Amino acid sequence: MKRIGYGIVIILVLFVLSACSSSQSTKKTTKESQTPTVFFHGYGGGPSSFGSMMQRLKDKGEAKKELTLTVQEDGTISAEGKLSDDKGNPMIQVIFQSNKSTQTNQSLWIAAVLHYLNVTYQIDKVNLVGHSMGAVSTIDYLEQHAKEDQQPNVAKVVLIAGPFNEFLDTFSSQSQTDLLANGPSEQSARYQQFLVDASRLDRSLVVEVISGQLSDTDLSDGIVPLASSLAIVPLLKNQGISVTYKIVKGSKAQHSQLHENQTVDNLLVYFLWQ
């Protein structure tokens, strides 16, 4: 009987050690920071655009949503929640009430949001995440307004599925290698304006571009051509800005599903907080 008792004890000890080892192996490696990360949705977007992603990141203990800022068409901002001083990778969701407006208007609204954070919470550094038109407007903001008074410094930027060269698919006339080295072979009016104002960009920026590709034969995310989303990479590189790009492939890389894609979650977490 004693031998049986000892055997049970040994089994229990091994079970506890195994559980501890498993817990340690799954322990998150996220670096905790007070720097807020501000999320901007795309054309026609709203609370659900980044809402699920933020909930997933919270559930995993990677970050926490603390504040939602809704921007009216006249730039007035209403707030839900409060930004704390905790080092928990705080996230801020921005909702554009007029969600089908121009990049110029959205750029102004981004400036209003960051001015609000600077004045209300004395925030002097932020990360920015933009999807689709939100990514385009983020570049517009960085060129046009980022150096204005009472704008916090921008540390890291994630640009998801942005139609930077509008909807031109230049892969019909150039390779991906050529695009990344020399820029798009055909340039939209939007891209040309980005080129004109590129010298205004802060060269200390660190940027990650995330693009979707549905299949080997469909070089797009179903809406934005891969060539257009990647077109911002050579523009940033030519300004001496640190930029990397990732291409997420498969059916879940569809344009509106990219912010629901856990691969994108992981890329964002690694880039921003690891």
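## Helix H9 and its cap

Helix H9 covers residues 262-273, and in this predicted model its twelve residues reach 16 Å from the first C-alpha to the last. That is close to the 16 Å expected at 1.5 Å a residue. At the N-terminal end of H9, Asn261 acts as a cap. A side-chain oxygen of Asn261 lies 2.8 Å from the backbone nitrogen of Thr263.

Which residues of H9 are buried? They are Val264, Asp265, Leu267, Leu268, Val269, Phe271, Leu272 and Trp273. Phe271 also has a charged partner: the charged end of Lys156 sits over its ring, 5.5 Å from the ring centre.

## The chain as a whole

Stepping back, the chain has nine helices and eight strands. Of its 274 residues, 49% are buried. The exposed area comes to about 13,300 Å², and carbon and sulfur atoms supply 51% of that area.

The contacts say something about how the chain folds back on itself. Taking contacts between residues at least 6 apart in sequence, 78% join residues at least 24 apart.

## Helix H4, mostly covered

Helix H4 (residues 133-144) gives you another easy geometry check. Its twelve residues should span 16 Å at 1.5 Å a residue, and the end C-alpha atoms are 16 Å apart, so the two values agree.

H4 is mostly covered, with eleven of its twelve residues buried. The buried set runs through Met133, Gly134, Ala135, Val136, Ser137, Thr138, Ile139, Asp140, Tyr141, Leu142 and Glu143. What do these buried residues pack against? On the strand side, their partners are E1 (37-40), E5 (125-131) and E6 (153-160). On the helix side, they are H3 (103-121), H6 (189-196) and H8 (232-238).

## Aromatic pairs around strand E1

The structure holds three aromatic pairs. Phe39 and Phe50 form an edge-to-face pair, with 5.1 Å from centre to centre and 65° between the planes. Phe39 lies in strand E1 and Phe50 in helix H2 (residues 47-59), so this pair ties together parts that are eleven residues apart in sequence. Both rings belong to buried residues: Phe39 has a relative accessible area of 0%, and Phe50 has one of 1%.

For Phe40 and Phe96, the ring centres are 6.2 Å apart and the planes meet at 5°; why does this pair count as stacked? Planes under 30 degrees apart count as stacked, and the 5° between these two therefore qualifies. Phe40 lies in strand E1 and Phe96 in strand E4 (residues 90-96), so the pair ties together parts that are 56 residues apart in sequence. Phe40 and Phe96 are buried, and together with Trp109 they form one aromatic cluster.

## Two side-chain polar contacts

Gln239 is found in the loop between H8 and strand E8 (242-249). Is this loop residue buried or exposed? Gln239 has 17% relative accessibility and counts as buried, because the cut-off for buried is under 20%. Its side chain joins that of Arg203 in a polar contact of 3.1 Å. Leaving aside residues up to four places away in sequence, Gln239 touches Ala198, Ser199 and Arg203.

Thr244 has its place in strand E8 and, at 33% relative accessibility, counts as partly exposed. Thr244 and Glu208 are 36 residues apart in sequence, yet their C-alpha atoms are 4.9 Å apart in space. The side chains of Thr244 and Glu208 are joined by a polar contact of 2.4 Å. With residues up to four places away in sequence set aside, Thr244 touches Val207, Glu208 and Val209.

## Positive phi outside glycine

Two residues are worth a look if you are checking backbone torsions. Gln122 has a positive phi of about 55° although it is not a glycine. Gln122 lies in the loop between H3 and E5, and at 56% relative accessibility it counts as exposed.

Glu166, also not a glycine, has a positive phi near 50°. Where is Glu166 found? It is in the loop between E6 and helix H5 (176-182). With 29% relative accessibility, Glu166 counts as partly exposed.

How values were computed:
Residues are numbered from 1 along each chain as its sequence is written. This is a predicted model: local features need pLDDT of at least 70, side-chain atom pairs count only at pLDDT 80 or more; totals for chains, interfaces and linings use all residues. Side-chain values use heavy atoms; hydrogens and water are left out. Helices (H or I, at least four residues) and strands (E, at least two) are DSSP runs, numbered from the N terminus. Buried means under 20% relative accessible area, exposed over 50%, partly exposed in between (1.4 Å probe, protein chains only). Contact means heavy atoms within 4.5 Å. Accessible areas come from the Shrake-Rupley method with a 1.4 Å probe; for residues, only the protein chains shown count as cover. The expected span of a helix is 1.5 Å times one less than its number of residues. Rings of Phe, Tyr and Trp (its six-membered ring) pair if their centres lie within 6.5 Å; planes under 30 degrees apart count as stacked, over 60 as edge-to-face and the rest as tilted. A charge sits over a ring if NZ of Lys or CZ of Arg is within 6 Å of the ring centre and within 35 degrees of the ring normal. A polar contact is a pair of N or O atoms within 3.5 Å; within protein, one must be able to donate a hydrogen and the other to accept it, and residues adjacent in sequence count only if both atoms are side-chain atoms.
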